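Reader: I should be grateful for a close look at the interface between the two chains. Please explain how the two copies are related and what each side contributes.

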2 protein chains.
Amino acid sequence: MRAQIKISLKKDVLDPQGRAIKKALHQLGFSEISEVRQGKYFEVDIDDSLELMASKVVERMCQQLLANPVVETYSYELVD
Amino acid sequence: MRAQIKISLKKDVLDPQGRAIKKALHQLGFSEISEVRQGKYFEVDIDDSLELMASKVVERMCQQLLANPVVETYSYELVD
């Protein structure tokens with residue numbers, strides 16, 4: 001099975017990359033954009049035998065390596 | 001409304017960062033992981049007045065700036 005993991009900066013954390021992208025979008029004519037936040041995205045293939053344990057494994061991966069819990073939050077979906 | 005945009009490398013494109021993360025996860029004891037692919041994630045706030053046009057705007061943003069269509073694919077969801 002596959003975990004689709006999205007990692008975002010917490011709301012209060014400054015995001016200069018997101019701000020630069022917003023500026024670039026405005027310059028391209030996308031004036032309808034009010035805010036851009038950049039994050040990370042991972043697709044992780046996990047052994048199917050884990051089944052119900054998969055979400056616990058994904059949580060641990062996020063906490064130990066993929067996300068920085070001081071400034072980032074994570075969310076994920078498990079798909080077949 | 002908010003667009004949650006996921007950008008991934010195409011299947012045939014090498015992903016050395018994903019490979020490094022897989023190795024790190026194995027070293028941390030996550031032996032159940034068979035593959036890791038790294039991508040990008042954006043949250044873009046869009047003027048609510050766009051309504052039905054929003055998905056077209058997001059498509060254009062992805063094609064023009066956020067994704068590199070030669071090596072990347074994108075997908076998105078619109079949430080309130």
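Author: In this predicted model, chain A is superposed on chain B by a rotation of 180 degrees with 0.0 Å of shift along its axis, at an RMSD of 0.0 Å; the fit is by least squares on the C-alpha atoms of residues with pLDDT of at least 70 in both copies. That is the relation of a two-fold axis. The same surface serves both copies, since 100% of the contact residues of chain A recur in chain B. Contact here means heavy atoms within 4.5 Å, and by that rule 33 residues of chain A touch 33 residues of chain B.

The size of an interface is often given as the accessible area lost when the parts come together. Chains A and B bury about 2,900 Å² between them, 65% of it on carbon and sulfur atoms (accessible area lost, 1.4 Å probe, summed over both parts). On the side of chain A, A:Phe30, A:Glu32 and A:Tyr41 lose the most area to chain B, together 20% of what that side buries.

The elements of chain A that give two or more residues to this side are strand E1 (2-9), helix H1 (16-27), strand E2 (33-46) and helix H2 (54-66); helices (H or I, at least four residues) and strands (E, at least two) are DSSP runs numbered from the N terminus. E2(A) supplies the largest share, 14 residues. E2(A) also pairs with strand E2 (residues 33-46) of chain B in the antiparallel sense over 13 bridges, where pairing requires at least two DSSP bridges between the strands. Within that pairing, A:Ile46 has B:Ile33 as its bridge partner.

Between chain A and chain B, 0 salt bridges are found (a side-chain nitrogen of Lys or Arg within 4 Å of a carboxyl oxygen of Asp or Glu). The whole structure has 6 salt bridges over all chains. One of them joins the side chains of B:Glu43 and B:Arg2 (3.5 Å, N to O). B:Glu43 lies in strand E2 of chain B and B:Arg2 in strand E1 (residues 2-9) of chain B, so this pair ties together parts that are 41 residues apart in sequence.

Residues are numbered from 1 along each chain as its sequence is written, and chains are lettered from A and ligands numbered from 1 in the order written. Local features need pLDDT of at least 70 and side-chain atom pairs count only at pLDDT 80 or more, while totals for chains, interfaces and linings use all residues; side-chain values use heavy atoms, with hydrogens and water left out.

Technical notes
Buried area is the accessible area (1.4 Å probe) that two parts lose on being put together, summed over both.
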